[in-house]
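User: I should like to learn how to read the main features of a protein model. Could you guide me through them step by step?

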Amino acid sequence: MRIDNKLCKPIEISIEKLYPFEGHPYKVLDNEEMEVLTESVHAEGVISPLIVRPLNDADGYEVISGHRRLHAAQRAGLSEVPALVCEISREEAAIMLVDSNLHREHILPSEKAFAYKLKMEAMSHQGTSCQVGTKSRTDEMIGESTQESARQVQRYIRLTYLIPELLQFVDDGKIALTPAVELSYLPEKAQTYLLEEMRR
């Protein structure tokens, strides 16, 4: 099978040999959706294969797409899962990881923020980005693939500068995006002070 012109080999992989993508931005939560997914996996197995890449320094594979399916398979007691093994670089894997998850119905602001940041860093390392001032700047390229403006991409990435507690407030809907972006420019100490005031 080919994914974006990359030849990927289908195999069954032991769950013990699968490792999460380092720094992946999407949360795997034990919530109601996970309960439904686990029940489905228990009844029918993992229907859609995970996408993984071989780890060079270990006898294992890094998960690119399918972290939630993997967790459900672990909860369902499976020992192996179907996967497509793709020989790709970390940068290519990061871009694929982000793109394969952005279509999900429920994506937290923090997930989108770190996803955009991860993709931007990967594209920059690949040399995909162009000089500032050209039409194909990295944030514009990301925006085109997600149907958001370059400015909106930048605003989401700013959320990664919030302390974790304030970012959680954004995820919980207690702080809207615009004020959250403004708060992200505050030093960490000032953000911590603000958090203490908000909790009083």
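Analyst: The following dialogue takes the features one at a time. Please keep in mind that this is a predicted model.

User: How many helices and strands does the protein have?

Analyst: The protein contains nine helices and six strands. Its C-alpha atoms fill a box of roughly 50 × 45 × 30 Å, taken along the principal axes. Of its 200 residues, 43% count as buried. Among contacts with a separation of 6 or more, 71% are accounted for by residues 24 or more positions apart.

User: What is a disulfide, and which residues form one here?

Analyst: In general, a disulfide is a covalent bond between the sulfur atoms of two cysteines. In this model the count comes to one disulfide. The partners are C8 and C86, with their sulfur atoms 2.0 Å apart. C8 belongs to strand β2 (residues 6-14) and C86 to strand β6 (residues 80-86), so the pair ties together parts that are 78 residues apart in sequence.

User: Why is this disulfide described as right-handed?

Analyst: The description follows from the torsion about the S-S bond of C8 and C86, which is about 110°; the disulfide is therefore right-handed.

User: Are these two cysteines buried or exposed?

Analyst: A residue counts as buried when its relative accessible area is under 20%. C8 is buried because its relative accessibility is 2%, and C86 is likewise buried, with a relative accessible area of 0%.

User: Where do nonpolar side chains tend to be found?

Analyst: In soluble globular proteins, nonpolar side chains tend to be buried together. Here, the largest nonpolar core has 38 residues, and L159 and L162 are those with the most contacts inside it. At least two residues of this core come from each of β6, α3 (90-101), α4 (109-126), α6 (150-158), α7 (164-171) and α8 (177-183). A second, separate core has 17 residues, including I13, I15, L18 and V85.

User: Which residues are in contact with L162, leaving aside its neighbours within four places in sequence?

Analyst: With those neighbours left aside, L162 is in contact with L167, V170, A180, L183, S184 and Q191. Two of these, L167 and V170, are also among the buried residues of α7. The others buried in that helix are L166, F169 and D171. Just after α7, G173 takes a positive phi of about 80°.

User: How should I read the packing of one helix against another, and at what angle do α1 and α2 cross?

Analyst: One may look in turn at the axes, the handedness and the residues that meet. The axes of α1 (residues 32-44) and α2 (residues 67-75) come within 8 Å and cross at roughly 65°. This crossing is right-handed. From α1, the residues E33, M34, E35, L37, T38 and V41 meet R68, R69, H71, A72, A73 and R75 of α2. By class, the contact comprises five nonpolar, two polar and five charged residues.

User: As a last exercise, where does N101 lie, and is this residue buried or exposed?

Analyst: N101 lies in helix α3. Because its relative accessibility is 13%, N101 counts as buried. Not counting residues up to four places away in sequence, N101 touches Y26 and I107. As for distance, the C-alpha atoms of N101 and K174 are separated by 24 Å, while the two residues are 73 residues apart along the chain.

Terms used:
Residues are numbered from 1 along each chain as its sequence is written. This is a predicted model: local features need pLDDT of at least 70, side-chain atom pairs count only at pLDDT 80 or more; totals for chains, interfaces and linings use all residues. Side-chain values use heavy atoms; hydrogens and water are left out. A disulfide is a pair of cysteine sulfur atoms within 2.5 Å. Helices (H or I, at least four residues) and strands (E, at least two) are DSSP runs, numbered from the N terminus. Buried means under 20% relative accessible area, exposed over 50%, partly exposed in between (1.4 Å probe, protein chains only). Axes are lines fitted to C-alpha atoms, for helices over the stretch in contact, and angles run from 0 to 180 degrees between N-to-C directions. A crossing is left-handed if the near helix is turned anticlockwise from the far one by less than a right angle, and right-handed if clockwise. Contact means heavy atoms within 4.5 Å. Ala, Val, Leu, Ile, Met, Phe, Trp, Tyr, Cys and Pro count as nonpolar, Asp, Glu, Lys and Arg as charged, and the others, Gly among them, as polar. A nonpolar core is a set of buried Ala, Val, Leu, Ile, Met, Phe, Trp, Tyr and Cys residues joined through side-chain atoms within 4.5 Å.
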